[in-house]
Amino acid sequence: MTDTAPAPERDTEAGRLLFARPFIFVKGCVTIADLPPADRTEVAFAGRSNVGKSSLINALVGMTGLARTSNTPGRTQELNIFEAADAPLRIVDMPGYGFAQAPKDKVAQWTKLIHAYLTGRPNLRRVYVLVDGRHGPRANDLTVMNELDAAAVSYQVVLTKADKPSKAELDKVIGATQAAIAKRPAAHPELIVTSSQTRAGMEQLRAEIAALLAS
Ligand code: GTP
Ligand code: MG
C-alpha cells in the first residue's frame, strides 16, 4: 500500500488554486465562545507540542510567518484562526497537547479547549492529526484519535518532519502508523507524509482540502 496515492489531477489543480490565495490571520480564541460563527468549512491541525502544526500551515499556504512557530514546545496557546481570501475555508492552528512543562492550570485549560473544539464544532470537516515522522503515534495521539472516533469526527493522520528520519526509519513509522489507524472508524485510511522543510506532501494535502471544500 502506498502512503501517498496521487490525488486526481482535478483536485491537484483545485488545491493549487485554493492555496494560491492569500490567507489572513483572523483571531486567537482562548474559549469556545470566542470562535467565529460556524458559517464555513473548517479544517484543524492538531498534534503534540512541537510536532510541526504551525510550520505545516505556513508551508500549506505558502506564507512564511503566517502562523507563529518556535523551537520551544507550547508556542501556540490559542485556537488561531486563519481564513482564505475569497473562499469559504477556515484553517485552525491548535495548541499542542502533551506539553508537561507549562503550569498545570494552563495545560488543563488547553486540554479542555482542545477537547471541546474537536468534539463539538459542527462545521469542522476534517481534523489533521499530526504525528512526528520519526516516532509514530504516542499514547496521547491515540487518546485524541479515540475521542474523535467516539465523536464521529473525520480525521486523517499526517506524518511530519519526514525530512529527518532515514528512508528505512520512515518506512517503519509509516507501517506502525497504518497499523494504529487501520480499525479506527473515523480515520481516513490513508496517511499523508509531509515535510514543511522540503514541502513533501503539500500538493496532496492541498488537493484533499480542495476536494473537501467541493463536496
Ligand atoms: P506548538 O505550537 O508548540 O504546539 O508547536 P507546533 O506543533 O506548532 O510546531 P512548530 O511548527 O512551531 O515547529 C516546531 C519546531 O519543529 C520548529 O523548530 C520547526 O522549525 C520544526 N519543524 C517543523 N516542521 C518541520 C519539518 O518538516 N522538518 C524539520 N526538519 N523541522 C520542522
Ligand atoms: Mg504551533
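## Shell around ligand 1

In this predicted model, 23 residues surround ligand 1. Lys53, Ser55, Asn71, Gly74 and Asp163 come nearest. By class, the shell holds 15 polar residues, 6 charged and 2 nonpolar.

## Backbone contacts and burial

Oxygen atoms of ligand 1 lie within reach of polar backbone atoms at three named residues. For serine 196, the distance from a polar backbone atom to a ligand oxygen is 2.8 Å. For valine 51, a backbone N or O atom lies 3.3 Å from an oxygen of ligand 1. For glycine 96, the corresponding backbone N or O distance to a ligand oxygen is 3.4 Å.

Ligand 1 exposes 660 Å² when taken alone. The protein buries 89% of that area.

## The pocket

Where does ligand 1 sit? Its site is the largest pocket. The volume of that pocket is about 620 Å³.

A total of 32 residues line the largest pocket. Gly52, Ser55, Thr69, Ser70 and Lys161 lie nearest its centre. Ser55 is also among the residues that come nearest to ligand 1.

## Lining of the pocket

Which helix gives the most to the lining of the largest pocket? Helix α2, residues 53–61, does, with 6 residues.

The lining divides into 20 polar residues, 7 charged and 5 nonpolar. For the shell around ligand 1, the split is 15 polar, 6 charged and 2 nonpolar.

Methods
Residues numbered from 1 in each chain as written. Chains lettered and ligands numbered in written order. Predicted model: local features only at pLDDT ≥ 70, side-chain atom pairs only at ≥ 80, totals over all residues. Heavy atoms only, no water. Near = heavy atom within 4 Å. Polar contact = N/O pair within 3.5 Å; in protein donor to acceptor, adjacent residues only side chain to side chain. Areas by Shrake-Rupley, 256 points an atom, 1.4 Å probe, with all protein chains shown as cover. 1 Å grid on protein atoms, 1.4 Å probe; cavity = no way out; pocket = protein on both sides within 12 Å on 5 of 7 lines; lining within 4 Å. Sits in = over half its atoms within 2 Å of the grid points. Nonpolar A, V, L, I, M, F, W, Y, C, P; charged D, E, K, R; others polar. Points joined across faces, edges and corners; volume = space filled by probe spheres on them. Helix = DSSP H or I, 4+ residues; strand = E, 2+ residues; numbered from the N terminus.
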